[in-house]
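Biologist: Please give me a close look at one part of this structure, the aromatic side chains and the setting in which they lie. I should like a single connected account that begins with one residue and works outward from there.

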Amino acid sequence: MSGLKEILDIKAQYPEMEMVLHTDQGSVYSSKSFNELLPLYNIVHSMSRAGTPTDNAAMEAINGWIKAEMFKDLHMKSSLLISKLEKG
């Protein structure tokens with residue numbers, strides 16, 4: 001859940017930033033507590049419907065493009081490097 005902590009930290013720094021969190025249908029992401037937490041931080045939860053993998057195709061394509069840009073073109077190896085770039 002360190003990814004969630006990073007997202008909440010970003011939202012704390014930029015509370016007015018609009019954010020959509022897209023997840024699969026794992027038990028953590030579909031849990032009541034997880035889905036009650038996100039609105040507290042003004043985060044919209046996006047999840048594909050069960051048994052319809054095509055719902056996720058557009059988001060997966062965007063995620064793949066972003067990862068390719070960051071990790072290949074910008075030579076990023078981890079999210080720690082992104083944090084260092086943000087701080088200058």
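Modeller: Let us begin with Tyr29, which has a relative accessibility of 30% and therefore counts as partly exposed, since that class lies between the limits of 20% and 50%. The model is a predicted one, and each value that follows is computed from it.

Tyr29 belongs to the one aromatic pair that a search of the whole structure finds. Its partner is Phe34: the two ring centres are 5.5 Å apart and the ring planes stand at 75 degrees, so the arrangement is edge-to-face, a term that applies to planes over 60 degrees apart. The partners differ in their exposure. Phe34 has a relative accessible area of 5% and is therefore buried, whereas Tyr29 is partly exposed at 30%.

From Phe34 the path leads into the interior. Phe34 is one of the eight residues of the largest nonpolar core, together with Leu4, Ile7, Leu8, Met19, Leu21, Leu38 and Ile43. Three elements each give two or more residues to this core: helix H1, residues 2–13; strand S1, residues 19–23; and helix H2, residues 32–40. H1 provides the largest share, three residues. In soluble globular proteins, nonpolar side chains tend to be buried together. Within the core, Ile7 touches Met19, Leu21 and Ile43, when residues up to four places away in sequence are not counted.

The strand that carries some of these residues deserves separate attention. Four of the five residues of S1 are buried, so S1 is largely enclosed by the rest of the structure. S1 runs parallel to strand S2, residues 43–47, and five bridges join the two strands. Among the bridge partners, Leu21 is matched with His45 in S2, and Thr23 with Met47. To pass from S1 to S2 the chain travels through H2, and this β-α-β crossover is right-handed.

Between H2 and S2 there is a loop, and Asn42 is located in it. Although Asn42 is not a glycine, its phi is positive, at about 60 degrees. With a relative accessible area of 51%, Asn42 counts as exposed, because the limit for that class is over 50%.

Helix H1 also has an exposed residue to set beside its core members. Ala12 lies in H1 and has a relative accessibility of 60%, so it counts as exposed. Ala12 and Tyr41 are 29 residues apart in sequence, and their C-alpha atoms are 8.2 Å apart in space.

The whole protein gives these details their frame. There are four helices and two strands, and from the N terminus on the elements follow the order α-β-α-β-α-α. Of the 88 residues, 16% are buried. Among contacts with a separation of 6 or more, 44% join residues 24 or more positions apart. The protein exposes about 6,800 Å², of which carbon and sulfur atoms supply 60%.

To return to the starting point, the edge-to-face pair joins the partly exposed Tyr29 to the buried Phe34, and Phe34 in turn belongs to the largest nonpolar core.

Terms used
Residues are numbered from 1 along each chain as its sequence is written. This is a predicted model: local features need pLDDT of at least 70, side-chain atom pairs count only at pLDDT 80 or more; totals for chains, interfaces and linings use all residues. Side-chain values use heavy atoms; hydrogens and water are left out. A nonpolar core is a set of buried Ala, Val, Leu, Ile, Met, Phe, Trp, Tyr and Cys residues joined through side-chain atoms within 4.5 Å. Buried means under 20% relative accessible area, exposed over 50%, partly exposed in between (1.4 Å probe, protein chains only). Contact means heavy atoms within 4.5 Å. Accessible areas come from the Shrake-Rupley method with a 1.4 Å probe; for residues, only the protein chains shown count as cover. Rings of Phe, Tyr and Trp (its six-membered ring) pair if their centres lie within 6.5 Å; planes under 30 degrees apart count as stacked, over 60 as edge-to-face and the rest as tilted. Two strands pair if DSSP finds at least two bridges between them. A crossover is right-handed if, with the strands pointing away from the viewer, the path from the first strand over the helix to the second runs clockwise.
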